Amino acid sequence: PLVLVQEADPKKGGTIEVLRAECPEDLRAAIFDKGWPMTTWHRIEAFQRVSLKTIAEALLLCSPNYEALSKEQMRLYVPGEVQREALAFPKPV
């Protein structure tokens, strides 16, 4: 399995465009054009958790015990992740 991880801040390098340009030409199609899962690595901890969850899901879905499941059936979560929090406005809108 392969998970593409790009840097969120272009100043730090590692964007998909930079990674593609640095990749040997004979490997580019196999790496960048095969539909591998991709995530962005952020410097903020809450968003790093989401990136790590994406990486874990992709790896588990390629393992023998989980390969029959879909991503929707996997339902991984990280305690305290923003996506699982009940969000609401402080006052009725």
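## Gln-6 and strand E1

Gln-6 is buried, since its relative accessible area is 16% and the cut-off for that label is under 20%. This is a predicted model, so read everything below as a description of the prediction. Gln-6 sits in strand E1. Its side chain reaches the side chain of Thr-40 through a polar contact of 3.3 Å.

If you skip the residues up to four places away in sequence, Gln-6 touches two stretches of chain: Gly-14, Thr-15 and Ile-16, plus Met-38, Thr-39, Thr-40 and Trp-41. Strand E2 covers 38-41, so that second group takes in E2 from end to end.

## Thr-39, between E1 and H3

Now to the other side of that contact. Thr-39 belongs to strand E2. With a relative accessible area of 8%, Thr-39 is buried. Its side chain makes a polar contact with the side chain of Ser-51, at 3.4 Å.

Leaving out neighbours within four places in sequence, Thr-39 is in contact with Val-3, Leu-4, Val-5 and Gln-6, and also with Ser-51, Thr-54 and Ile-55. Strand E1 is residues 4-7, and helix H3 is residues 45-61. Thr-39 therefore has contacts in E1 as well as in H3.

## Helix H3 and its buried side

Does the length of H3 add up, or is it off? At 1.5 Å a residue, its 17 residues should span 24 Å, and the end C-alpha atoms are 24 Å apart, so the two agree.

Which residues of H3 are buried? They are Ser-51, Lys-53, Thr-54, Glu-57, Ala-58 and Leu-61. These residues cover an arc of only 155° around the axis, which puts them on the same side of H3. What covers them includes strand E2 and helix H4 (71-74). Ser-51 ties back to the previous section, as the partner of Thr-39 in that polar contact.

## Three salt bridges

Side chains of opposite charge can pair when their charged atoms come close. There are three salt bridges in the structure.

One joins Arg-43 and Glu-7, with the closest N and O atoms 2.8 Å apart. This pair links distant parts of the chain: Arg-43 is in the loop between E2 and H3, Glu-7 is in strand E1, and their positions lie 36 residues apart in sequence. The two ends have opposite labels. Arg-43 is exposed, with a relative accessible area of 52%, whereas Glu-7 is buried, at 11%.

Another pairs Arg-20 with Asp-33, where the closest N and O atoms are 2.9 Å apart. Arg-20 lies in helix H1 (residues 16-22) and Asp-33 in the loop between H2 and E2, so the bridge ties together parts that are 13 residues apart in sequence. Arg-20 counts as partly exposed at 29% relative accessibility, and Asp-33 gets that label too, at 49%.

The remaining bridge stays inside H3: the side chains of Glu-45 and Arg-49 meet at 2.8 Å, N to O. Why does this spacing amount to about one helical turn? Glu-45 and Arg-49 are four residues apart in helix H3, and that separates them by about one turn. Arg-49 is partly exposed, at 28% relative accessibility.

## Cysteines without a disulfide

How many disulfides are there? The count comes to zero. The sulfur of Cys-23 has its closest cysteine sulfur in Cys-62, 19 Å away, which is too far for a bond, given that a disulfide needs the two sulfur atoms within 2.5 Å.

The surroundings of these cysteines get separate labels. Cys-23 counts as buried at 10% relative accessibility, while Cys-62 is partly exposed, with a relative accessible area of 42%.

## Asp-26, out on helix H2

Asp-26 is found in helix H2 (residues 25-32). Buried or exposed? Asp-26 counts as exposed, at 67% relative accessibility. As for where it sits relative to the start of the chain, Asp-26 and Ala-8 are 18 residues apart in sequence and 26 Å apart in space, C-alpha to C-alpha.

Definitions and conventions. Residues numbered from 1 in each chain as written. Predicted model: local features only at pLDDT ≥ 70, side-chain atom pairs only at ≥ 80, totals over all residues. Heavy atoms only, no water. Helix = DSSP H or I, 4+ residues; strand = E, 2+ residues; numbered from the N terminus. Expected span 1.5 Å × (residues − 1). Buried < 20%, exposed > 50% of the residue type's maximum accessible area, 1.4 Å probe, protein only. Arc of directions from axis to C-beta. Contact = heavy atoms within 4.5 Å. Polar contact = N/O pair within 3.5 Å; in protein donor to acceptor, adjacent residues only side chain to side chain. Salt bridge = Lys/Arg side-chain N within 4 Å of Asp/Glu carboxyl O.
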